[in-house]
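Biologist: Before we go through it together, could you show me the structure and teach me how to read its features one by one?

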Amino acid sequence: MTISLFSELALRPELQQALADQGYSTPTPIQAQAIPHLLEGRDLLGIAQTGTGKTAAFTLPILQKLADAGIRPRPGQVKALILTPTRELAIQIDDSVKNYGAHLKLKHAVIFGGVGQGRQVDALQRGLDILVATPGRLLDLMNQRHVRFDDLSVFVLDEADRMLDMGFINDVRKIVATLPKSRQTLLFSATMPREIADLAAKLLNNPTRVEVTPQATTVERIGQHVIHVPMAQKRHVMVDLLADPSMTRVIAFSRTKHGANKVTDHLNAAGITSAAIHGNKSQGARQAALESFRAGKVRVLVATDIAARGIDIDGISHVINVDLPNVSESYVHRIGRTARAGKDGIAISLCDTEERAFLRDIEKLIGQRVPVMELPTATPRIATPAPQRPAQPQRRPQHKRPEGHRPEGHRQDGRQGAGPGQNRAAQGANRNAPQGDRNRPARVNGPRG
Ligand code: AMP
């Protein structure tokens with residue numbers, strides 16, 4: 001049976017009310033396919049990425065199950081555990097728990113590293129219906145005996161492939177080893193590298209498999225463009241592009257933290273409000289940047305791939321790839337930040353000669369050529385980085401590789417490590433996991449359609 005309205009799902013009135021409060025009447029495909037099975041207590045293998053509505057797909061049935069049981073959590077015990085790789089995702093999932101559970105009296109909390117543990121410990125000691133956590137901090141607190149899982153009945157492993165990329169998979173295994181064997185388990189992953197397939201086979205008991213493929217449909221709705229421009233000129237091109245007032249809310253992606261900072265500084269110096277989020281920023285600074293962006297006080301958010309994962313901001317008008325990701329699938333994740341919730345969006349990629357191999361990989365993945373866009377007319381032709389950008393254009397724009405640039409030759413696979421065209425000074429930053437995204441498996445389950 002195909003579900004086309006939330007009201008057709010056997011969800012409690014409190015949850016129906018919360019959905020109505022959010023203005024949601026139609027389940028997304030993953031919600032329609034997963035929720036009925038989850039309400040029956042089945043395990044689930046969800047092949048889905050952020051942006052598909054997967055958070056509600058697992059949160060609603062968990063809330064229902066715990067509310068139906070109606071037993072208060074014991075001190076120090078957790079009834080449902082949701083593990084997710086990043087602080088941002090953890091906070092967003094906890095927000096969803098709060099929103100969807102607004103009319104229920106369930107206790108929930110979120111824990112992650114990089115902040116003091118005092119309040120997290122207090123929350124754990126009181127006992128929780130739902131705990132959202134990143135693996136490192138959770139393991140810390142488990143080792144300090146602040147939390148136990150004797151009463152746990154649901155376990156969600158979110159973004160399993162990212163856990164692997166970010167080096168958290170052993171922490172995850174250690175945590176899983178302490179959970180009761182009899183439980184409902186849900187595993188979500190955008191891709192299925194071998195290690196995740198093996199883990200899923202171990203963790204899941206006769207799971208329902210739900211696969212949603214937003215990539216193709218999302219990609220189709222996004223106006224994609226590539227501008228061929230030397231690395232040294234990219235920041236200037238950004239300023240010129242941003243002269244377009246239709247660029248109201250822009251996420252710019254940089255492969256490195258250092259690169260993100262440089263772009264932010266340049267934009268701010270040019271009078272374009274901008275903030276950076278990446279792993280070297282404190283949690284407070286990241287939240288502040290996100291809030292300013294959400295509130296429209298900052299027009300351009302410059303992010304690294306990992307820092308941007310799962311950030312849920314509506315109304316992104318444009319995505320700018322300051323540099324091309326060396327893993328094609330990140331491109332799909334990046335441009336998918338625009339065109340959310342059925343809207344259209346525009347993605348512009350700035351491609352240096354040395355990133356052409358990445359562009360070819362991306363085009364192979366998405367199954368289409370990315371149309372070339374001319375340099376903005378205001379952009380002067382420069383071959384070397386100028387300390388100060390001239391106020392007036394000097395020459396006609398062009399998009400041929402200028403003299404003095406290294407050829408792209410030596411990259412064969414186009415995948416491993418930081419790109420050759422990447423800012424050399426930033427390579428140290430790239431070594432610091434988890435920001436670098438360097439272990440990402442190259443395969444994807446798409447594109448389809
Ligand atoms: P997620 O993939 O869980 O991060 O969700 C992506 C976005 O879709 C979030 O902004 C959700 O609030 C939103 N969303 C989730 N379910 C629905 C729905 N059924 N209708 C409209 N928006 C939704």
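Modeller: Let us begin with the shell around the ligand, bearing in mind that this is a predicted model. By class, that shell has three nonpolar, eight polar and three charged residues.

Biologist: Which residues come nearest to the ligand?

Modeller: Of the 14 residues around the ligand, those that come nearest are Y24, Q31, G51, G53 and T55.

Biologist: How should I read the polar contacts of the ligand?

Modeller: The general idea is to look for pairs of N or O atoms within 3.5 Å. In this structure, a polar side-chain atom of T55 lies 2.6 Å from an oxygen atom of the ligand, while a backbone N or O atom of T26 lies 2.8 Å from a nitrogen atom of the ligand. With K54, a polar backbone atom is 3.3 Å from an oxygen atom of the ligand. As for cover, the ligand has 500 Å² of accessible area on its own, and the protein covers 81% of that area.

Biologist: Let us turn to a strand; which way do the side chains of strand 11 point, and are they buried or exposed?

Modeller: In a regular strand the side chains alternate between the two faces of the sheet. Strand 11, residues 300–303, gives a case of this kind: V300 and V302 point one way, L301 and A303 point the other way, and all are buried.

Biologist: In which sense does strand 11 pair with strand 9 and with strand 10?

Modeller: Strand 9, residues 250–253, pairs with strand 11 in the parallel sense over four bridges, and strand 10, residues 274–277, likewise pairs with strand 11 in the parallel sense over four bridges. L301 is the bridge partner of I251, and L301 is also the bridge partner of A275. Between strand 10 and strand 11 the chain passes through helix 13, residues 283–294, in a β-α-β crossover that is right-handed.

Biologist: What should I make of a positive phi?

Modeller: Most residues other than glycine have a negative phi. Here R145, although not a glycine, has a positive phi of about 65°, and E159, also not a glycine, has a positive phi of about 50°.

Biologist: Where do R145 and E159 lie, and is each of them buried or exposed?

Modeller: R145 lies in the loop between helix 6 and strand 5, and R145 counts as exposed because its relative accessibility is 74%, where the cut-off for exposed is over 50%. E159 is placed in the loop between strand 5 and helix 7, and E159 is buried, with a relative accessible area of 3%.

Conventions: Residues numbered from 1 in each chain as written. Predicted model: local features only at pLDDT ≥ 70, side-chain atom pairs only at ≥ 80, totals over all residues. Heavy atoms only, no water. Buried < 20%, exposed > 50% of the residue type's maximum accessible area, 1.4 Å probe, protein only. Helix = DSSP H or I, 4+ residues; strand = E, 2+ residues; numbered from the N terminus. Pairing = 2+ DSSP bridges. Right-handed = clockwise from strand over helix to strand, strands pointing away. Near = heavy atom within 4 Å. Polar contact = N/O pair within 3.5 Å; in protein donor to acceptor, adjacent residues only side chain to side chain. Areas by Shrake-Rupley, 256 points an atom, 1.4 Å probe, with all protein chains shown as cover. Nonpolar A, V, L, I, M, F, W, Y, C, P; charged D, E, K, R; others polar.
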